Every structure is written in structure tokens, then in C-alpha cells.
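Hello,

Here is the structure we talked about. Please open it alongside the notes below.

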Amino acid sequence: MAFNGHYELHSQVNFAPFMKAIGLSDNLIEQGKDRKSTSEIVETGDHFKIIVTTGSQVLVNEFTIGEETEIESPTGEKVKAVINRDGKNKLVAKIQNITSVTEVTGDQLTNTMTVGDIVYKRISKRIS
């Protein structure tokens with residue numbers, strides 16, 4: 001149950017280059033770069049529900065570790081993916097051409113997404 005909690009985005013690195021690489025328009029990148037974001041993670045055994053709220057946009061993804069599921073990608077597309085656990089505090093997914101690693105260390109949630117040679121990192125702090 002390492003992931004359970006509410007997190008607030010604290011910092012991010014390479015937002016614009018990553019979003020451009022996955023096909024978002026310059027206008028959408030500009031609108032999203034300074035938005036506040038919160039995440040709620042509910043972990044029940046191997047089942048996860050992740051709710052990310054950015055401004056008025058709410059993204060909800062549910063999955064079970066090791067099972068193929070349909071999730072919404074960062075571009076808004078519905079795609080098939082399998083999310084796996086690496087140890088007790090790390091989730092790894094391959095979503096189209098994006099590799100996503102989410103890790104909890106203490107009260108910090110770090111999501112690192114890689115496409116090609118561009119690495120985008122989101123660091124959030126647990127708020128409850």
C-alpha cells in the first residue's frame with residue numbers, strides 16, 4: 001500500500017519537449033505548463049485507481065498489475081497497456097512509444113516518462 005494517498009505536483013523537468021515529442025500542439029503545451037496538478041492513488045492489493053486533476057481536466061485510469069487494460073495516454077488517446085510492479089514501490093508501463101516509471105520514496109511520488117531520448121520527470125509530494 002505504498003502508493004495510497006493524495007499528491008500535489010511540486011516540480012517537473014522537460015515538460016514542453018516531452019509534450020511536443022508525443023504530438024501535443026504548442027498551444028496546449030503553453031496552456032498546461034504551469035497548471036497545478038494533484039493525483040489521488042488508491043491501491044487495493046494489485047488493483048490501482050489513479051485520478052489526476054489538472055485545472056478542470058480529470059483523468060481516471062484503473063488497472064490491475066500484470067493484466068492488459070485500456071488507459072488514457074498523455075495525449076488523451078485510449079490505448080492498451082500492461083502495468084507491472086517492480087518491487088514494492090515502483091510501477092512500470094510501456095504505453096505506445098512511452099516508457100513510464102512511477103516510484104514512491106517516502107512522501108515523494110516521482111513519475112518519469114521517456115520517449116526516444118527525452119526524459120520528462122514529474123515530482124509530487126504527498127499531502128494526505
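Strands β1 (residues 5-13) and β10 (residues 118-126) run antiparallel and are joined by six bridges. V13 sits opposite K121 of β10. Bear in mind that this is a predicted model.

Now the wider sheet. It is open and has 10 strands, paired antiparallel. The order is β4-β3-β2-β1-β10-β9-β8-β7-β6-β5. At the edges are β4 (57-64) and β5 (68-72), each pairing on one side only. From one strand to the next, the twist averages 25°.

Two residues are worth a look.

S124 belongs to strand β10. Its relative accessible area is 3%, so S124 counts as buried, the cut-off being under 20%. What does S124 touch, leaving aside its neighbours within four places in sequence? S124 is in contact with Y7, E8, L9 and H10. S124 also contacts D107, Q108 and L109.

T110 is in strand β9, which covers residues 108-115. T110 is buried too, because its relative accessible area of 16% falls under 20%. The T110 side chain makes a polar contact of 3.3 Å with the side chain of Q108. Setting aside neighbours within four places in sequence, T110 is in contact with V101, T102 and E103. K121, R122 and I123 are contacts of T110 as well.

When you go through the model, K121 is a handy place to begin: K121 stands opposite V13, and K121 is in contact with T110. Q108 is another: Q108 shares the polar contact with T110, and Q108 is in contact with S124.

Best wishes

Conventions. Residues are numbered from 1 along each chain as its sequence is written. This is a predicted model: local features need pLDDT of at least 70, side-chain atom pairs count only at pLDDT 80 or more; totals for chains, interfaces and linings use all residues. Side-chain values use heavy atoms; hydrogens and water are left out. Two strands pair if DSSP finds at least two bridges between them. Helices (H or I, at least four residues) and strands (E, at least two) are DSSP runs, numbered from the N terminus. Axes are lines fitted to C-alpha atoms, for helices over the stretch in contact, and angles run from 0 to 180 degrees between N-to-C directions. Buried means under 20% relative accessible area, exposed over 50%, partly exposed in between (1.4 Å probe, protein chains only). A polar contact is a pair of N or O atoms within 3.5 Å; within protein, one must be able to donate a hydrogen and the other to accept it, and residues adjacent in sequence count only if both atoms are side-chain atoms. Contact means heavy atoms within 4.5 Å.
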